[in-house]
Every structure is written in C-alpha cells, then in structure tokens.
Amino acid sequence: NVLYGIRIEVPVGEPIQHIASGYPDEYKRVYLEREFIARDPTVYHALTKPQLLVWNEGIYSAKSHDIMEESRKYGLGHGLSAPVHEGASIRGMLSLARDKPFENPGEREHLEAGANVLANAVHVATTKIILPDIVAEQRPALSDRELECLRWVAQGKSNFAIGRLMSISEGTVKFHMANILEKFGVATRQQAITRGVLLGLIS
C-alpha cells in the first residue's frame, strides 16, 4: 500500500496540504475521524527530519499506540516513510506499508533505496503537475469587484484612491476589502496581498 502527502507552509492562512493513498477506505475514514494526523509519528518525522524512517513499535508513544493498532488491523502495520524536504516550507512523505515485517536485511535495504528514489520522483511530479490544481482549488471565490480592489491594494492604493479609480464610494471599497479579508481568513491588507500572490490572483 502506498501513500504520498505534501504540506506547504504559507506566510498567512492554513498550510496547503494534499494526500493521495491506496490505503483501505475504511482505514482512511478511521484515520480522518479520529484525527490521527495530529498524533501520527510518521507525519511528525517527515515534517522535522529528512532521513528515511523504518516503522517499529518504538516510534509510537502512549498517545499514538492506537494508531499502530488500527494500522495493523487494516494490514498497514509494517513499512517505511521517506521524507522529502524542499527548502524551509515544503515537506513531502512517501509511505510504503504492508501486513508483515521485512524478511531479511537485504530486502529492507532494497526497499529503502527504492523508496528514496520513488519519493523524490513523486515529489517532483506532484509539485510540477498536481500542485497548481491543488492551489487553484483553494482559491476563494472573489467577485470581479473584490478582485479589482485586491489588485489595486497590491499596488499600494488607498481606499479613497481605489474608490476614484473604480468609480465607487470609499465605503464600498472598505466593504469589498472586509469581504476579501474574511474569505482569505486573514486580518490585514498585507496578509491579503500575500495570500493573493500565493494563490495566483495577483501577478
């Protein structure tokens, strides 16, 4: 069974995340409902360390022991995770899982080498091919007026100046900007500009 996840930290707002896996649907449901991702030691390892991790009982704490038990129940009790770190803000992880441990050191070494190569290949493909669509899906729906306001704000224009440029009142500009901040989940105009650039709304 194969899983690949990517997490991109952004200056404002929630991180951009994407997970694709061939894990059993029932396990994915349990994982989501019980919020395993917050306690999963493989995820923590991938976010903090670049070295490959071979799963064993020692990686699970008392707080995450139930994750190990559920994984074994669904045939995912043994495997490894290969992190990929790109810069300071992008983290990827390829996990290969199965229902039995490695048969011998030779098999383990073979899988470790293959996992590292595959993890990097999948990471490159994800960032170049899939990620643009993931980012596009996270773009909030701005009206034409809101988008125009945002682009004028990015050019350093005041609410008064934007009102003159768009032939609307200063109060209406403030209204549009309030909507933009709410849709972006940010508190300031500068954060809205940053989010707009990251989402490809401002060039």
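**His123**

I started with His123 and asked whether this residue is buried or exposed in the predicted model. His123 comes out at 4% relative accessibility, so I logged this residue as buried, the cut-off being under 20%. I then looked up where His123 sits, and found the residue in helix H4, which covers residues 105–137.

Next I checked what the side chain of His123 pairs with. There is a polar contact to the side chain of Glu86, at 2.8 Å. I also listed the neighbours of His123, leaving out residues up to four places away in sequence: they are Tyr4, Ile6, Val84, Glu86, Ile90 and Gly92. Glu86 therefore turns up twice in my notes on this buried histidine, as polar partner and as neighbour.

**Salt bridges**

How many salt bridges does the structure hold? I got 13. As a reminder to myself, side chains of opposite charge can pair when their charged atoms come close.

I opened Arg7 and Glu9, whose closest N and O atoms are 2.6 Å apart. Arg7 has a relative accessible area of 24%, so I noted Arg7 as partly exposed. Glu9 is also partly exposed, at 37%.

Then I turned to Asp66 and Arg34, a salt bridge with its closest N and O atoms 3.2 Å apart. This pair links distant parts of the chain, with the two positions 32 residues apart in numbering: Asp66 belongs to helix H3 (residues 65–73), while Arg34 is in the loop between helix H1 (25–33) and helix H2 (41–48). Arg34 is partly exposed at 39%.

My last pair was Glu103 with Lys100, 3.4 Å from N to O. Here Glu103 is exposed at 58%, whereas Lys100 is partly exposed at 40%. I also traced shared partners, and found that salt bridges join Arg34, Arg39, Asp66, Glu70 and Lys73 into one network.

**Nonpolar cores**

Which residues have the most contacts inside the largest nonpolar core? I wrote down Leu142, Cys149, Leu150, Ile180, Phe184 and Ala192, in a core of 19 residues. Helices H5 (144–154), H6 (159–166), H7 (170–184) and H8 (189–198) each give two or more residues to this core. The largest share, 5 residues, comes from H7.

I picked Phe184 for a closer look. Not counting residues up to four places away in sequence, Phe184 touches Pro140, Leu142, Leu150, Ala192, Arg195, Gly196, Leu199 and Leu201.

Finally, I noted a second, separate core of 17 residues, with Val30, Tyr31, Met68 and Leu76 among them.

How values were computed
Residues numbered from 1 in each chain as written. Predicted model: local features only at pLDDT ≥ 70, side-chain atom pairs only at ≥ 80, totals over all residues. Heavy atoms only, no water. Helix = DSSP H or I, 4+ residues; strand = E, 2+ residues; numbered from the N terminus. Buried < 20%, exposed > 50% of the residue type's maximum accessible area, 1.4 Å probe, protein only. Polar contact = N/O pair within 3.5 Å; in protein donor to acceptor, adjacent residues only side chain to side chain. Contact = heavy atoms within 4.5 Å. Salt bridge = Lys/Arg side-chain N within 4 Å of Asp/Glu carboxyl O. Core = buried A, V, L, I, M, F, W, Y, C linked by side-chain atoms within 4.5 Å.
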